[in-house]
Amino acid sequence: MVSIYFIVLAANEKNLFEIFHGAYLKQPAFYRRDPFVVGIASGYEEALELLKQMVEDIYRETSGFLVREYFGERRQES
């Protein structure tokens with residue numbers, strides 16, 4: 001898993017996505033976050049290209065950056 005990267009929904013509402021190297025799968029903290037994986041890429045450059053395409057598609061489909069809604073994630077009420 002030397003060159004595998006995961007694209008996940010950001011842990012906070014201010015950001016859209018986060019990119020993690022596959023080595024983070026060995027860390028228990030990664031799973032405590034309960035990551036919502038939306039993409040897997042072979043290499044960081046491919047992850048960036050995939051992320052660019054995803055953002056363009058989401059903007060085209062939602063007329064905005066409604067990333068969480070696009071992937072069907074519901075906000076939890078506090």
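# A sheet of three strands and its helices

Tyr5 stands opposite His21, a residue of strand S2. That pairing belongs to a predicted model, in which local features need pLDDT of at least 70 and side-chain atom pairs count only at pLDDT 80 or more, while totals for chains, interfaces and linings use all residues. Residues are numbered from 1 along each chain as its sequence is written, and side-chain values use heavy atoms, with hydrogens and water left out.

**Overall layout**

The protein chain holds 3 helices and 3 strands. Helices (H or I, at least four residues) and strands (E, at least two) are DSSP runs, numbered from the N terminus. Read from the N terminus, the elements run β-β-α-β-α-α. The C-alpha atoms fill a box of roughly 35 × 30 × 20 Å along the principal axes. The chain has 78 residues, and 27% of them are buried. Here buried means under 20% relative accessible area, exposed means over 50%, and partly exposed lies in between (1.4 Å probe, protein chains only).

The accessible surface comes to about 5800 Å². Carbon and sulfur atoms hold 52% of it. These areas come from the Shrake-Rupley method with a 1.4 Å probe; for residues, only the protein chains shown count as cover.

Contacts tell another part of the story. A contact means heavy atoms within 4.5 Å. Take the contacts with a separation of 6 or more: 50% of them join residues 24 or more positions apart.

**The sheet**

What is the strand order of the open sheet? The order is S2-S1-S3, with antiparallel pairing. Two strands pair if DSSP finds at least two bridges between them. Strands of a sheet pair through backbone hydrogen bonds, either parallel or antiparallel. The edge strands are S2 (17-21) and S3 (37-42), and each of these pairs on one side only. From one strand to the next, the twist averages 25°.

Strand S1 (residues 4-9) is joined to S2 by 5 bridges. Another 5 bridges join S1 to S3. Phe6 shows both pairings. Opposite Phe6 in S2 stands Phe20, and the bridge partner of Phe6 in S3 is Ile40. S1 is mostly covered, with 5 of its 6 residues buried.

Helix H2 (residues 44-62) packs on this sheet and touches S1, S2 and S3. The direction of H2 makes about 160° with that of S2. For such angles, axes are lines fitted to C-alpha atoms, for helices over the stretch in contact, and the values run from 0 to 180 degrees between N-to-C directions.

**Before the sheet and in the loops**

Ser3 sits in the segment before S1. Ser3 is partly exposed, at 34% relative accessible area. Leaving aside residues up to four places away in sequence, Ser3 touches His21, Ala41, Ser42 and Gly43.

Two residues other than glycine have a positive phi: Asp34 at about 55° and Ser63 near 55°. Asp34 lies in the loop between helix H1 (28-32) and S3, and Ser63 lies in the loop between H2 and H3. Are they buried or exposed? Asp34 is exposed, with a relative accessible area of 64%. Ser63 is exposed too, at 65%.

Phe65 is also in the loop between H2 and helix H3 (67-70). At 48% relative accessibility, Phe65 counts as partly exposed. Together with Leu16 and Tyr59, Phe65 makes a nonpolar surface patch of about 300 Å². Patches are made of residues with over 30% relative accessible area and no salt bridge: like charges are joined within 9 Å, nonpolar side chains (Val, Leu, Ile, Met, Phe, Trp, Tyr) within 5 Å.

**Salt bridges**

How many salt bridges does a search of the whole structure find? It finds 4. A salt bridge is a side-chain nitrogen of Lys or Arg within 4 Å of a carboxyl oxygen of Asp or Glu. Among them are these:

| Pair | N to O distance |
|---|---|
| Glu18 and Arg33 | 3.2 Å |
| Glu56 and Lys52 | 4.0 Å |
| Asp57 and Arg60 | 2.5 Å |

Glu18 is in strand S2 and Arg33 in the loop between H1 and S3, so this pair ties together parts that are 15 residues apart in sequence. Arg33 is partly exposed, at 33% relative accessibility.

The other two pairs in the table lie in helix H2. Glu56 and Lys52 are 4 residues apart, about one turn of the helix. Both are partly exposed: Glu56 at 36% and Lys52 at 46%. Asp57 and Arg60 are 3 residues apart, again about one turn. Asp57 is partly exposed at 25%, whereas Arg60 is exposed at 55%.
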